[in-house]
Amino acid sequence: MIPYRIFVIEASVAKKYIRRHHYSKGSHNGPTLSIGLFDENKLIGCCMFATPCSEAVRCSLWGPESKNSVVELHRLHIMDCTPKNTESWFIARCLKMLKKTKPHICGVLSFADTTIGHTGAIYKATNAYLLGETSPKTFYEDSNGRLRHPRQNGVNIDLESAKSKGWSPVQRKTKVRYMWILANDKRQKKHLIKTCRYDLTQQKFS
């Protein structure tokens, strides 16, 4: 049995934790929901949901009319001291908490970064749908080693603008794209699977 508790936490607390522990050293400035994993009173993990940077990504599941029902599992980190299966346990409960607090959310995207060797095995373990891979992309790295997305606050950042900020271009490999469906009941889930722009019908879960 996993000996931990989870709570919604302030965005400022989540961002401080992620900047300290996550490989990216940064996060979305305005997360949709931040959830902490606690061992008694100690924060030992964080899951942060946020609006995807690209509107095209938000529209990719069910079209423009449903873009506001799509979020991203933006950041996830758990201390190495935790027992086996803690990560999947935590993700499953965070998704339930997201649906409870944001009932209009129907789709959650996440991207496993192959540049650092992630392929999304933990997402498969939580019955996420595999949607394929993104193309390699150029990101930027600031003077503190923080990865910066090439789209900031709805604006594409070109190389000249990045250099003026003191950011250096870094080539990143593909990311493996996954998604979870958050439905109120079996009927809604069946409808969401059927109307999704990706073919989800051939994917089976054990």
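These legends go with close-up views of a predicted model.

**View 1. The seven-stranded sheet of the predicted model.** Start with the strand order, which reads β1-β2-β3-β4-β5-β12-β6. The sheet is open, and its pairing is mixed. At the edges sit β1 (5–8) and β6 (129–133), each with a pairing partner on one side only. From one strand to the next, the twist averages 25°. For anyone tracing the ladder by eye, strands of a sheet pair through backbone hydrogen bonds, in either a parallel or an antiparallel way.

**View 2. Strands β3 and β4, with helix α3 packed on the sheet.** β3 and β4 run antiparallel to each other and share six bridges. A handy place to find the register is F49, which stands opposite L73 in β4. Helix α3 (residues 86–101) packs on this sheet and touches β1, β2, β3, β4, β5 (107–113) and β12 (175–181). The direction of α3 makes about 140° with that of β2.

**View 3. Helix α1 and its two sides.** Which residues of α1 are buried? In this helix, spanning residues 11–21, they are A14, K15, Y17 and I18. These four cover an arc of only 165° around the axis, so they end up on the same side of α1. Turn to the other side of α1 and you find S12, K16 and R20 exposed. The cover over the buried residues of α1 includes β2 (33–39), β3 (42–50) and β4 (70–78). The helix lies across β2, β3 and β4, and runs at about 105° to β3.

**View 4. S24, tucked into the loop after α1.** S24 belongs to the loop between α1 and β2. Is S24 buried or exposed? It counts as buried, because its relative accessibility is 2%. Its side chain makes a polar contact with the side chain of R75, at 3.0 Å. Leaving out residues up to four places away in sequence, S24 touches R75, G145, R146 and L147.

**View 5. Strand β7 between β8 and β11 pairings.** β7 (residues 137–141) pairs with β11 (residues 168–172) in the antiparallel sense, over five bridges. Look for Y140, which stands opposite P169 in β11. β7 also pairs with β8 (residues 147–148), again antiparallel, here over two bridges. In that pairing, E141 stands opposite L147 in β8. The hairpin of β7 and β8 has five residues between the strands, and G145 takes a positive phi near 85° there. Both G145 and L147 turn up among the residues that S24 touches, so to speak linking this view with the previous one.

**View 6. Cysteines without a disulfide.** How many disulfides are there? The count comes to zero. C47 is in no disulfide, and the nearest cysteine sulfur, that of C94, is 4.0 Å away. The cut-off for a disulfide is a pair of sulfur atoms within 2.5 Å. C47 counts as buried because its relative accessibility is 0%. C106 is too far from a partner for a bond, because the closest cysteine sulfur, in C196, is 11 Å from its own. C106 counts as buried too, with 11% relative accessibility.

Terms used
Residues numbered from 1 in each chain as written. Predicted model: local features only at pLDDT ≥ 70, side-chain atom pairs only at ≥ 80, totals over all residues. Heavy atoms only, no water. Buried < 20%, exposed > 50% of the residue type's maximum accessible area, 1.4 Å probe, protein only. Arc of directions from axis to C-beta. Contact = heavy atoms within 4.5 Å. Pairing = 2+ DSSP bridges. Axes fitted to C-alpha atoms, helices over the stretch in contact; angles between N-to-C directions. Polar contact = N/O pair within 3.5 Å; in protein donor to acceptor, adjacent residues only side chain to side chain.
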